[in-house]
Amino acid sequence: MDLKLYRLDHLTVGSTSPKTLRVLPNPQEKIAPQKIAVADHNGVLTCFQLKRNEIAVDFKTLPGPKIDRLELGGALGSIMDKIFVASNSEVRGYSKRGKQFLVFDTNMSDSIRSMFVHGTDLFITGQYIYNRYDNCVDSNYYLSSDKINDMIGVPTESGRMLPVLGCQDRVLRILEGNNLVYEAEVPGSPETLALYDIRSGFGNNNLIYGTRDGIVGLCTIDEDSPCHRWEIPNNDNAGGVTAIESYDLNQDGVSEIIISRDDGNVEVFSITEGQPKQLTSLNVSESITSLGAGLISSTTNPDVILSTYPGHIISLTTEPRSVKSGEVVTQTVKVKIEEMKKEIELLKQQVLVEREKYQKSANSDSAISAVIKFHVNDKFNLNAADANYLLSIEIQSPIENVLLQCDVPVDLLDVEKNSAVVSHSISDPADKNFLLATYRCQANTTRLDVKVRSIEGQFGTLQAYITPRIQPKTCQLRQYQIKPLSLHRRTHMIDPDRPMNALKLTGSFSLGEVHSWIAFCVPEVPEKCPTGDTNSLMFQSTFLDTQLECTYSPNSVTFKSDNISTISIIKDVITKLATQRKISLNINYQLQEESVPHTLRLIHPKLDYQLLLAKKVQLIDALKEVAMHEQNHEFLSPEYQEIIRNAEKLQAEYKLQPCHLERLYGMITDLYIDKFKFKGVNVKNKVPQLLEVLDNYELEALIDFFEIS
């Protein structure tokens with residue numbers, strides 16, 4: 001059955017962090033709207049509930065340090081209605097009535113990023129460190145090899161609680177005590193974890209994960225191995241998953257899965273015959289940080305409640321709330337409307353008074369200029385589906401404009417939901433200024449998404465100057481690194497049967513130095529240097545599907561790839577970095593001639609498709625003109641009829657990929673130059689001949705040209 005959700009806006013708090021909203025459970029015998037606890041960056045914990053559709057605040061704490069996490073807990077076997085919040089390295093506990101009963105300083109070196117409470121056990125993680133405290137006594141410790149994005153406890157059949165760490169390197173790490181039990185690979189970097197079918201207390205050992213790439217999956221966590229059940233792919237290039245909840249929204253006895261994304265999407269899935277099926281979706285136009293579900297606005301119809309980054313608390317109810325045509329508005333509603341109008345007028349008057357005060361103080365001789373600080377929620381993530389980066393910028397107040405500047409060649413691509421107007425300024429590449437573009441946002445726009453396409457081998461910095469629509473005018477600078485192999489991502493398996501070119505570098509360098517070189521070249525490399533004597537990292541190109549393996553130890557590093565251009569880029573970049581540090585390198589390489597045709601065959605489907613697309617788009621106008629003089633299109637071949645039918649779709653696709661063909665030509669040209677560069681031959685004078693072959697493209701002819709040259 002389909003499910004409809006209706007939006008209700010409730011209140012506004014400060015900016016919120018992920019997982020800082022929870023729905024408190026009711027005692028089993030009590031039937032009443034459930035309470036909601038939410039914490040914000042101002043350090044304020046607010047607990048409220050809806051009574052007759054009005055907000056009733058149970059308690060509200062005083063401002064303090066930014067709250068990074070909120071969890072519920074309680075004695076085992078009892079209602080989990082105790083509220084725990086984490087600020088910096090401190091954990092505080094409150095009862096549902098607002099009485100503080102715990103202040104515990106964990107003495108962690110960094111801030112708490114995730115937290116889980118189970119009876120007297122407190123599980124917390126920092127950036128790399130996991131700790132378990134039993135009655136506030138440090139009991140277990142684990143140091144992760146990569147950043148920990150989220151953590152949750154999974155109960156086992158034997159009654160034990162296994163902590164599961166969702167790590168940046170696309171791995172779930174399952175712990176027991178101080179030890180790693182096993183690792184489970186997932187298709188993306190897990191941003192959020194949740195247990196399936198949580199209704200009271202703890203659920204079973206079915207774990208749902210949501211990745212930065214927007215993929216959702218379910219796996220069963222056993223004591224010795226995982227079992228992957230299903231996966232929801234991100235075919236629509238939606239945002240990354242920020243929160244997951246399971247609740248029986250349509251009251252059929254089976255819990256639905258509710259997921260939220262950083263682009264404002266909320267999606268509800270039912271489980272039919274063991275597989276997920278989407279019931280509905282809704283967009284709230286703001287990045288969602290937390291998600292909950294329960295009986296919130298009534299005792300009969302379940303609601304979804306969520307918090308957004310700017311601090312809006314919104315519920316999505318299953319009960320229709322719209323007034324039907326001809327229905328009489330009650331006197332109570334009329335009174336509320338009049339009260340709200342009076343409140344708005346009062347606020348306008350207060351704004352005018354404060355504005356006049358500001359103008360007077362700004363013009364006085366004793367006025368001191370102060371810069372207004374504002375928080376920016378920004379992400380610069382690689383989208384593996386279309387091999388480009390998505391830059392997301394969100395602030396609490398409306399954005400006036402965003403200026404983008406880059407010192408390397410990049411392309412800006414359209415995002416359908418963007419309403420901003422972009423204007424490009426003339427830039428001088430001689431001054432390392434390849435891009436200068438301004439996005440002017442419409443009123444009340446708090447979020448801007450921009451797609452950025454980079455070129456491998458070109459590395460530098462993309463800078464964003466963010467100006468909010470506030471007075472006095474202020475601007476904040478954000479910088480994003482574009483790496484030499486920017487279109488590569490981490491993987492855990494490579495194909496050993498591919499023809500692999502090898503590059504070996506030896507010299508007097510430490511493990512930390514070579515790790516920093518790899519981190520400079522490729523994304524998704526852990527900041528922390530590994531502790532082993534010999535370490536290995538594997539990567540995959542999101543554009544060509546080629547692979548890269550890095551094996552390194554003190555004084556030695558070996559790179560293997562089935563793409564010669566990848567090896568060439570690494571060689572040029574690392575030798576430059578080593579020269580800057582005055583480190584002498586011995587360079588040895590071993591090339592596989594079979595790797596060049598192999599790479600060309602990987603490029604072939606993309607190049608063939610783009611050439612065919614360009615040819616079809618060129619025929620559209622001519623075919624339409626011919627078809628105008630005829631009553632039907634039956635005289636045309638089936639191929640031409642299909643082009644006319646799909647004309648709009650083809651033109652839209654061609655418009656979205658303006659530089660795709662040039663990009664593929666550039667990759668083939670670089671491959672040709674790099675192949676002979678390792679042989680000590682300069683073939684740049686033969687590039688025009690290569691372009692002639694590409695203009696009359698055939699795969700075998702192109703392979704022959706590479707071999708004959």
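Helix α3, which covers residues 564-580, has 17 residues that at 1.5 Å a residue should span 24 Å, and its end C-alpha atoms are 25 Å apart, which agrees; the expected span is taken as 1.5 Å times one less than the number of residues. This is a predicted model, in which local features need pLDDT of at least 70 and side-chain atom pairs count only at pLDDT 80 or more, while totals for chains, interfaces and linings use all residues. Residues are numbered from 1 along each chain as its sequence is written, and side-chain values use heavy atoms, with hydrogens and water left out. Helices (H or I, at least four residues) and strands (E, at least two) are DSSP runs, numbered from the N terminus.

Many positions of α3 are buried, among them Ile-564, Ile-567, Ile-570, Val-573, Ile-574 and Leu-577, where buried means under 20% relative accessible area, exposed means over 50%, and partly exposed lies in between, with a 1.4 Å probe and protein chains only. At the start of this helix, a side-chain oxygen of Asn-563 comes to within 3.1 Å of the backbone nitrogen of Ser-565. Such a polar contact is a pair of N or O atoms within 3.5 Å; within protein, one must be able to donate a hydrogen and the other to accept it, and residues adjacent in sequence count only if both atoms are side-chain atoms. Just after α3, Lys-582 adopts a positive phi of about 60°.

Asn-563 also appears among the neighbours of Thr-546, a residue of the loop between β40 (535-541) and β41 (547-553). Thr-546 has a relative accessible area of 1% and is therefore buried. Not counting residues up to four places away in sequence, Thr-546 touches His-488, Arg-498, Phe-539, Gln-540, Ser-541, Asp-562, Asn-563 and Leu-602, contact meaning heavy atoms within 4.5 Å.

The loop between α2 (511-521) and β40 holds Pro-526, and Glu-524 lies in the loop between α2 and β40 as well. Glu-524 has a phi near 60°, a positive value in a residue other than glycine, and at 25% relative accessibility it counts as partly exposed. Pro-526, by contrast, counts as buried because its relative accessibility is 9%. Leaving out residues up to four places away in sequence, Pro-526 touches Tyr-128, Ser-145, Asp-146, Arg-490 and His-515. The C-alpha atoms of Pro-526 and Pro-310 are separated by 30 Å, the two residues being 216 apart along the chain.

Turning to the beginning of the chain, Lys-19 lies in the loop between β1 (6-12) and β2 (21-23), and it has a positive phi of about 55° although it is not a glycine. Lys-19 is buried, with a relative accessible area of 11%. One of the residues in contact with Ser-290 is Lys-19, and the others include Ser-17, Pro-18, Ala-243 and Ile-305. Ser-290 itself sits in strand β26 (residues 288-294) and, at 0% relative accessibility, counts as buried. Its side chain reaches the backbone nitrogen of Thr-20 at 2.8 Å and the backbone nitrogen of Leu-21 at 3.5 Å.

A further loop, between β32 (410-413) and β33 (421-424), contains Lys-417. Apart from residues up to four places away in sequence, Lys-417 touches Asp-263 and Asp-449.

Near the end of the chain, helix α9 (residues 699-708) has Leu-699, Leu-702, Ile-703, Phe-705 and Phe-706 buried. Seen down the axis of α9, these buried residues fall within an arc of 155°, so they line one face of the helix; the arc is that of the directions from the helix axis to the C-beta atoms. On the other side of α9, Glu-707 and Ile-708 are exposed.

For the protein chain as a whole, the secondary structure comes to nine helices and 43 strands. A compact globule of 709 residues would have a radius of gyration near 27 Å, and the chain has 29 Å, which agrees; this radius is taken over C-alpha atoms, and the globule rule is 2.2 Å times the number of residues to the power 0.38. The C-alpha trace spans about 85 × 75 × 75 Å along its principal axes, and buried residues make up 51% of the 709 residues. Among contacts between residues at least 6 apart in sequence, 56% join residues at least 24 apart.
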